[in-house]
Amino acid sequence: MNRPRFRWHIVVFLAPAVLVYTAVMIFPLFNTLRLALYSEVDQSRVFVGLQNFQTLFFDPIWSEQFWNALGNNFWFFLIHMLVQNPIGIALAALLSHPRLRFSALYRSAIFIPTILSFVIVGFAWKLILSPIWGIAPSMLDAVGLKSLFAPWLGKEEYALTTLALISVWQFVGIPMMLIYAALLTIPEEILEAGEIDGITGASAFWKIKLPLILPSIGIISILTFVGNFNAFDLIYAAQGALAGPDFSTDILGTFMYRTFFGFQLQLGDPHMGSAIAGAMFAIILVGVCIYLFGIQTRMRRYQL
Amino acid sequence: MKRTSLKLALLGSTLMGTAAMAEDVTLTIESWRNDDLTLWQDQIIPAFEAANPGIKVQFTPSAPAEYNAVLNSKLDAGSAGDLITCRPFDASLALYEAGHLTDLSGVEAMGNFSDVAKSAWQTDDGAVSFCVPMASVIHGFIYNKDAFNELGIDVPTTEDEFFAALDKIKEDGTYIPMAMGTNDQWEAATMGYNNIGPNYWKGEEGRQALIKGEQKLTDEAWTAPYATLARWGEYLGDGYEAQTYPDSQNIFTLGRAAVYPAGSWEISGFNAQADFEMGAFKPPVRNAGDTCYISDHTDIGIGMNAATENPEAAETFLAWVASPEFAEIFGNALPGFFPLSSTPVELQDPLAKEIVGWRDECESTIRSTYQILSRGTPNLENETWGASVAAIKGAKSPEELGAELQEGLASWYAPHQ
């Protein structure tokens, strides 16, 4: 009998990626989850099972912070979904208009903030909005709207929304680019066929283009979800690890950082920090699963 | 043949390299004082290296807010420097208990320090010292002398005079009465609550009583400072809610504000930035003639990494840090960081001299939340930041804040249960 030869080359070609990915992603991930099941008692690490999670969810001191961070995270995500993605889609629709001039220029200009570092974005916006040196108060003053200015980043009721909008400003280029690419793949024939049937202009967008780019919008939503629930950098750069004022901008990422590494006199607690990281992982996993199995499989696809 | 000779050459050079290293030991210092980099490089390290040939020293600071996290990670990974700048109290105590810091009790030069000076870097029973005390910082208010002269204001000594002065500055309108923001939160607690507070809780007396559980954070002595802080709000500049620490420093040194609630560590920075004459006054007392209390906070020490490969050289360095020679260089090069050594040091800087003079007039204490009380969750120091900000903004009443803090402290601290 002629048994098929074992195909070594598959193993060889997969090995580098698998090894690197395991070393830098899979192993740390599971090790973090493992760490969450331990606690430190008298300088030694002891196994405590799910006690850290119990503390996190049911101890009033921890749970208050956790739910506050989770709630803020959902608000952060909601702003992105309601502001960033619709604007991204609208910009893409405008940019793909065949008669728009300088569209390449606009496209680059809107996309550029995405490649900036969080630190630069956080610092620049902090300066722009600064009540002391910022240009925002003087610009509002120039049009007679000075009374509308408030030290947004320092007010509990506005700070998180302000930061979410800064993040939207930074990342609106990503949905725009993805949707723009999706719009370009729509064949002219379909649009022309629609035109013959009397569907033109805005109704062509709503009735033909939008259904065809829905899968892309789905992908963007899930990317936004994962990105927002892993967010940390912008808040840390703009407000510091205490996510002031009065924890109003605290999201899971900053909460995890503060707990894991400690802050000022508060010593780091890697085990509770890992428990928070585990909770973040679970939330993202659940969200992604809902999308993959609940939404993506039911989405209608059109053969173009 | 050719290969062998190459190997030999390589081996030889490695050996020579090792030999050279054995002659010249390099010590690395971990620190959060990146502001002091030039001072260490230009003054302290050359002075030490001149006195101790064969030992080279490198000063490698990281950003203050990240220092604790960075240091802990480095120590756990075994890549931390030989010498470690010590934060006061629990952060360093935890390092000692985790076996990262060496017991220095036996080092002869530790005799140059008083027990109070050493208290920030000792085990709770005082048996073991693990860091050499370097410096303390004193709280108070720095003011713009030109502004005070221009408006005809005398330096306030009581609280009534203090607020009268602020009213006068506000009325005149040329200057922002006081430069402080609440964006970064810690200033409100450090330069606010713990600056004026000791006059209310009578310094060490109240602080010790709080640690023993004899006083509570709901007592008048501990809530009244919040009531005073609540009055500060109207004297801070427009939009102080989003004003950061560097903003406040700049506003003051640009001459736009008259009073700056300060820690003495600002002196060298302010001397370089401000082109007007500055003075300082201590936290105003509640009634004329009251004993004054100041926060003279033990802030910096330096210890030895237990995993260091050069313990002898590191000990030589620490002994030198404990000497009067170092105190003299350090105290004068960094006016505002006052040496803790028992030998008095003559300071040159007038502002630093003025502030250190308060040690003779007032009772010294340290920040109330630092020793023992910030060991649990919730962390009292961090909670105090939030509470002080809430007080200034008027978001909560002093009694509410006291009750909240007391509840948090009592949740984990046995003497308060």
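**Group meeting: domains and contacts in a two-chain model**

Okay, let's start inside chain B: 13 residues of domain 1 of chain B are in contact with 15 residues of domain 2 of chain B. On the domain 1 side, strand E8 of chain B, residues 293–304, gives the largest share, with 3 residues. By class, that side of domain 1 splits into 6 nonpolar, 4 polar and 3 charged residues.

One thing to say up front: this is a predicted model. The scores are ipTM 0.79 and pTM 0.82.

So where do those two domains sit in the sequence? In the domain assignment, domain 1 of chain B is 13–136 + 297–349, and domain 2 of chain B is 137–296 + 365–416. Take the C-alpha atoms of each, and the centres of the two domains are 30 Å apart.

Now chain B as a whole. You'll find 18 helices and 10 strands in chain B. The radius of gyration of chain B comes out at 24 Å, and the globule rule gives 22 Å for 417 residues; those are close, so chain B is as compact as a globular protein of that length. If you'd rather think in box dimensions, the C-alpha trace of chain B spans about 90 × 50 × 40 Å along its principal axes.

How much of chain B is buried? Of its 417 residues, 50% count as buried. And if you look at contacts in chain B between residues at least 6 apart in sequence, 78% of them join residues at least 24 apart.

On to confidence. Chain B has a mean pLDDT of 88, with 94% of its residues at 70 or more. There's a stretch to watch, though: over residues 10–21 of chain B, pLDDT stays under 50, and the model has 0 contacts for that stretch beyond four places in sequence. Where pLDDT is low, the predicted coordinates shouldn't be read in detail. Keep that in mind for the domain bounds, as the assignment starts domain 1 of chain B at 13, and the stretch with pLDDT under 50 covers residues 10–21 of chain B.

Last bit, the contact between the chains. How many residues does each chain bring? Chain A puts in 24 residues and chain B puts in 33 residues. On the side of chain A that touches chain B, strand E3 (262–263) and strand E4 (266–267) of chain A each supply at least two residues. That side of chain A has 13 nonpolar, 9 polar and 2 charged residues.

That's me done, happy to take questions.

How values were computed. Residues are numbered from 1 along each chain as its sequence is written. Chains are lettered from A and ligands numbered from 1 in the order in which they are written. This is a predicted model: local features need pLDDT of at least 70, side-chain atom pairs count only at pLDDT 80 or more; totals for chains, interfaces and linings use all residues. Two residues are in contact if their C-beta atoms, placed from the backbone, lie within 7 Å. Helices (H or I, at least four residues) and strands (E, at least two) are DSSP runs, numbered from the N terminus. Ala, Val, Leu, Ile, Met, Phe, Trp, Tyr, Cys and Pro count as nonpolar, Asp, Glu, Lys and Arg as charged, and the others, Gly among them, as polar. Domain bounds come from an automatic or database domain assignment. The radius of gyration is taken over C-alpha atoms; the globule rule is 2.2 Å times the number of residues to the power 0.38. A residue is buried if 20 or more other C-beta atoms lie within 10 Å of its own, exposed if 12 or fewer, and partly exposed in between; C-beta atoms are placed from the backbone. pLDDT is the predictor's confidence in each residue, from 0 to 100.
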